[in-house]
Amino acid sequence: LAAAASTETERLSLSLVTPSRVHDVVNPRLVAEAGGAPGWVSDVGRFLGEDERRRVDALCQEVHDAWRVEVAVVVLDGLPADVRPAGFAAALLNYWGVGDARLHTGLLA
């Protein structure tokens, strides 16, 4: 039973850092870290250092405050071979609703 639980945990972890669907990517605007405010950086695999993540998040917030543009940053280990990165990014941008769709004020990096 423990081996099955471990395998399921590994599969779930892998799907978060190498997602095949936009629904599997953690939206940082919906998840606040340690009771803080929602951020702009999705880095479930912790590929960025904490200071780097905070700097990128602060830059995204500065852009939002100055220009009312939403910049979401997603750090992934990769995508499955059959998933086109540009198509995935466009679908994720739309799924999350980054920026105002009418004014095209959203950017996903």
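## Two helices and what they pack against

Among the elements that cover the buried residues of α2 are β1 (41–42) and β2. That packing is a convenient place to enter this structure, which is a predicted model. The chain has 3 helices and 3 strands, and along the sequence they follow the pattern α-β-α-β-α-β. Of its 109 residues, 27% are buried. Among contacts with a separation of 6 or more, 57% join residues 24 or more positions apart.

Helix α2 comes up for a check of its length. Its 18 residues should span 26 Å at 1.5 Å a residue, and the end C-alpha atoms are 26 Å apart, which agrees. The buried residues in α2 are Arg 53, Asp 57, Cys 60 and His 64. Viewed down the helix axis, the buried residues of α2 fall within an arc of 60 degrees, so they line one face. The spacing has a general basis: an α-helix has 3.6 residues a turn, so residues three or four places apart point the same way. The face of α2 turned away from the buried side carries the exposed residues Asp 51, Arg 54, Arg 55, Leu 59, Glu 62, Ala 66 and Trp 67.

Two polar residues on the buried side can be followed further. Asp 57, in helix α2 (residues 50–67), is buried yet has no salt bridge. The nearest side chain of opposite charge is that of Arg 53, 4.7 Å away, whereas a salt bridge requires a side-chain nitrogen of Lys or Arg within 4 Å of a carboxyl oxygen. Leaving aside residues up to four places away in sequence, Asp 57 touches Gly 39, Trp 40 and Val 41. His 64 is also found in α2, and its relative accessibility of 13% makes it count as buried, because the limit is under 20%. With the same exclusion of residues up to four places away, His 64 touches Trp 40, Val 69 and Glu 70. Trp 40 therefore appears in the contacts of Asp 57 and of His 64, as contact means heavy atoms within 4.5 Å. Just after α2, Arg 68 takes a positive phi of about 60 degrees.

Helix α3 can be read in the same order. At 1.5 Å a residue, its 12 residues should span 16 Å, and its end C-alpha atoms are 16 Å apart, in agreement. Phe 88, Leu 92 and Trp 96 are buried in α3. These residues cover an arc of only 50 degrees around the axis, which puts them on the same side of the helix. Ala 86 and Asn 94 are exposed on the other side of α3. The buried residues of α3 pack against β1, β2 and β3 (106–108). Just after α3, Gly 97 takes a positive phi of about 70 degrees.

The three buried residues of α3 lead into the largest nonpolar core, which has 10 residues in all: Val 22, Val 25, Ala 72, Val 74, Val 83, Phe 88, Leu 92, Trp 96, Val 98 and Leu 108. At least two residues of this core come from each of β2 (70–74) and α3 (85–96), with α3 giving the most, 3 residues. Within the core, Val 25 touches Pro 19, Ser 42, Val 74, Phe 88, Leu 92 and Trp 96, not counting residues up to four places away in sequence. Apart from this core lies another, of 6 residues, including Trp 40, Cys 60, Val 71 and Val 75.

How values were computed:
Residues are numbered from 1 along each chain as its sequence is written. This is a predicted model: local features need pLDDT of at least 70, side-chain atom pairs count only at pLDDT 80 or more; totals for chains, interfaces and linings use all residues. Side-chain values use heavy atoms; hydrogens and water are left out. Helices (H or I, at least four residues) and strands (E, at least two) are DSSP runs, numbered from the N terminus. Buried means under 20% relative accessible area, exposed over 50%, partly exposed in between (1.4 Å probe, protein chains only). Lys and Arg count as positive and Asp and Glu as negative; His and the chain ends are not counted. A nonpolar core is a set of buried Ala, Val, Leu, Ile, Met, Phe, Trp, Tyr and Cys residues joined through side-chain atoms within 4.5 Å. The expected span of a helix is 1.5 Å times one less than its number of residues. The arc is that of the directions from the helix axis to the C-beta atoms.
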